[in-house]
Amino acid sequence: MTIHASYGEAFERFAAALPAAERAARAAAFDTFAQRGLPDDGIERWHYTNLQPFAAQPVQLAPAAAGTPDLSAWRLEDCDEHVWINGRALNAAAAPAPLPSLDAHAGLAGLHRAFATPGLQLTVPRDVRLDRPLHVLSVSDAREAGEMFHLAHRIRLERGAQALLIVQNLGLPGATRFSTQSLSIELAEGAQLTLVRVQDEARGTTHWLQTTAEVGHDARLDVVNVDLPYDESGDPIPGEATAAKASGGTLIRSDWRVKLAAPGAHAELSGLFGADGRVHLDNQYEIDHAAPHGTSRQWFRGLGFGPSRAILNGRVVVQRGAQKTDSEQRIANLMLAKGAEIDAKPELEIYADDVKCAHGASCGQLDDAAVFYLRSRGVPEAQARALLIYSFINDVLARVPHVALRLRLARRITARLGAGLDLSEATLSGAAA
Amino acid sequence: MDSDLMAANPSDIPVPAEGIEALVQNRKYAAGFVTDIESERIAPGLNEDVVRLISAKKQEPEWLLEFRLKAFRRWQSMREPHWAHVEHPRIDFQAITYWSAPKSMANQPKSLDEVDPKLLETYKKLGIPLKEQEILAGVQNVAVDVVFDSVSVATTFKQKLAEAGVIFCPISEAVREHPELVKKYLGSVVPFGDNYYAALNSAVFSDGSFVFVPKGVRCPMELSTYFRINERNTGQFERTLIICEDDAQVSYLEGCTAPQRDENQLHAAVVELVALDRAEIKYSTVQNWYPGDENGVGGIYNFVTKRGDCRGRASKISWTQVETGSAITWKYPSCILRGDDSVGEFYSVALTHHRQQADTGTKMIHVGRNTRSTIVSKGISAGRGQQAYRGLVRVLEKAEGARNHTRCDSLLIGDQCGAHTFPYTEVRNPTAIVEHEATTSKIADDQLFYCRARGIGEEDAVSMIVNGFCKDVFKELPMEFAVEAQKLLQVSLEGAVG
């Protein structure tokens, strides 16, 4: 496996300032990366995505942003805000943190561990309920081609704690870039976390996210992952259709690994994507039932807006002994334009017999009869379609508990439907009820 | 017929889970005997000389040897695939004998009367009548080709089929008699370098069936091939090629058994189907290779590439399979729906018991407009069996109006087995509709209780429930096979009872 020399040079510079012990640990991680490279599509978990070409591209560590970009359009009023720009905390020096542990391709994990800078380090004490949501903004502002950064968050909820966390990946238009992000979550007995992740990276980004969560006894994790479409269609990036093949394209890969580690754990994962602009969007959701009496639900909705490739792999593993598991997974996709490709793979891997597991996946178009029904009642066709699409995605959107954010997401997606839908907070709260 | 369990105290209801497991404990493999027959076999190992030797033994023309050598060279450059959800020790391809034939077949027998009686006895034991008189007497109306290790032993009903214009013969004979057809179609559906095991097969394939149904002919009877592995340490590399010209129709059945042995044997077949305009091919398999014993010792590695090409408009290819045997099954009968309005179907029942492993499913590649496909897969896993459905539905850019429906259900018997589902759906056309649904369940205590409360014995109840579970697939099988398949499932699940 050959990696571009610039990785080594970047690491030398990065590690020079570190204490000796940490430097050694990171050097070991870097060596693993150097030996193993990045995953290619010959590996079953990477069946549709090949990162290997990126190992051969020149990179440089992203410098601190020159100024503070205007983030007002993305601010959320009632949240505690934490901003990272190019992997550096905006407000304060981040506390030192242990290297993240990942359950991923060894080379890729090695790269992340070697370079990771500390992101949000949060512990919610026993029986505390955070009264304000946390809003984490990770902004990528690349001025020169091949800038990279790697950010590691860690969230721990102690027994009975509760929190709402919004993690937003925001890419400002600019040069090509490469970033990785890890989110490790630990929920102790009876803890409850709702995590909303909004992916809004710029064109020309290669981004990998890994979220690993361990859900304890009677604890509950709710995840809503939204991959936003670009503001408008069009394809400003010249070159190959498949982003994986060309460094100029956009490649977003997100791995979600949720382990129901103790009896009574519950997880709900939902996802929504709008794909266009030749993006290569690969979402991998895995729920691992490692203990009995676990329950999990997964709801996914996808929209193929234009030339793009979206991959959705939903995997449920029921380990030996995880009896009385109850799991359900539903994937539905709408193909709205030529040139879109949606690859769905709902997987079940079951080693216990007293379980209830069902999954379903579909890919199709709007129901002509439903469109006709609305038209026959005087709704113009474009608006009828927009309404139906909105109701289709609302199954997932309604799970975003923060109403202002939900409205922002809904507007952003429906803006692409070509018919003005009059969405307001009031209609949305109605929809949520 | 009855076991201890049938005599169990009827008051002990509902049935404890161990009861069901006990039912599936002792399964007997009735086809596990060895025929003591003198064989001519070459030394184990594989190199270009072996490929040349096989070709020479079969007196093949130069172009076919070229095909084999190209495949062999490609195979050497390929990596063994590891993506399947199965585990097995490394296969030593140099320890396998690539050619074995009963000595009595050395001087090609001209008719059944000249065939070694021991061979005929083998097939009689397996319940396959070769004597045409017997068949004519109404035992069954099926033309049979039987393959013993590397050679075809006998093909029945040739005359009657020839009158209809149908060619049904061993593929080695077809190479001699109809070289233009074989040359045109061999490797046209599964190219010689398609995958690791297909490349190996293309290099060393032994025998198999060749079927050609000309324009407008509806094959007057079911065609059937029976495969038997007899020799120790041999691999069987069968190659089957079926061609249906415009408006032709054929139904083809395939069955397989092997002796009970402690070592693993490799079976790497390639089956190619070609359907031209409005042609229809129905391919049914009852696979009962030796599955190994309850500790996973022995058994066949069944690594098979089966693919049908709906080349013509409105053509149809339908695969039905009942997989109860083999230590490991790795098999994905597929349809390439190239012609507009063509139809692909896949119906499967797969059973894994003891330490059997199966990674099986299908591929439906929608190329033409308005192509339709249906997938129904039923997996039953018992003991320590591991069962995986792996299926691909791909709708290409031009496949306007393509439609697929997939249903796959798994039934778990016991808490040590596994049932897995890996469906891949890849849609590149916005007018396509693709649906997949799957469930996993076990035989519920209330179902058993219901049956037992009505006086139905425990094993009959299990058998009824399993049969009900598989009904959607069994109804697709030709009559004779449906009966055999049900019996096979019963034997597999009930142990000694037949």
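The following exchange asks what lies behind the labels given to this predicted model.

Reader: Why is A:Q323 called partly exposed?

Author: A:Q323 has 16 other C-beta atoms within 10 Å. Buried needs 20 or more, and exposed needs 12 or fewer. The count for A:Q323 falls in between, so the residue is partly exposed.

Reader: Where does A:Q323 lie, and what does A:Q323 touch?

Author: A:Q323 lies in the loop between β16 (308–318) and β17 (326–335) of chain A. Leaving aside residues up to four places away in sequence, A:Q323 touches A:P292, A:A352, A:D354 and A:V355. Those are called contacts because the C-beta atoms lie within 7 Å. The C-alpha atoms of A:Q323 and A:K356 are separated by 9.3 Å, with the two positions 33 residues apart along the chain.

Reader: How do you know that the size of chain A agrees with a compact globule?

Author: Chain A has 433 residues, and a compact globule of that length would have a radius of gyration near 22 Å. Chain A has 21 Å, so the value agrees. Along its principal axes the C-alpha trace spans about 70 × 50 × 45 Å. In chain A, 51% of the residues count as buried.

Reader: What makes β9 of chain A a mostly covered strand?

Author: β9(A) covers residues 192–200, and 7 of its 9 residues are buried. Each of those 7 meets the cut-off of 20 or more other C-beta atoms within 10 Å.

Reader: How do you know that β9(A) pairs with β7 and β11 of chain A?

Author: Pairing needs at least two bridges. β7 (residues 162–171) and β9(A) have 9, in the parallel sense. In that pair A:N169 stands opposite A:Q199. β9(A) and β11 (residues 220–227) have 8 bridges, also parallel. There A:R197 has A:N225 as its bridge partner. Both counts meet the cut-off, so both pairs stand.

Reader: What makes β19 of chain A and β24 of chain B a pair across the two chains?

Author: 7 bridges join β19(A) to β24(B), residues 433–442, and the cut-off is at least two. The two strands therefore pair, and they run antiparallel. A:A361 has B:H436 as its bridge partner in β24(B).

Reader: How many residues make up the contact between the chains, and which strand of chain A gives the most?

Author: The contact takes 30 residues from chain A and 27 residues from chain B. On the chain A side, β18 (340–350) and β19 (356–364) each supply at least two residues. β18(A) gives the most, with 11 residues. The chain A side divides into 16 nonpolar, 5 polar and 9 charged residues.

Conventions: Residues numbered from 1 in each chain as written. Chains lettered and ligands numbered in written order. Predicted model: local features only at pLDDT ≥ 70, side-chain atom pairs only at ≥ 80, totals over all residues. Contact = placed C-beta atoms within 7 Å. Helix = DSSP H or I, 4+ residues; strand = E, 2+ residues; numbered from the N terminus. Nonpolar A, V, L, I, M, F, W, Y, C, P; charged D, E, K, R; others polar. Rg over C-alpha atoms; globule rule 2.2 N^0.38 Å.
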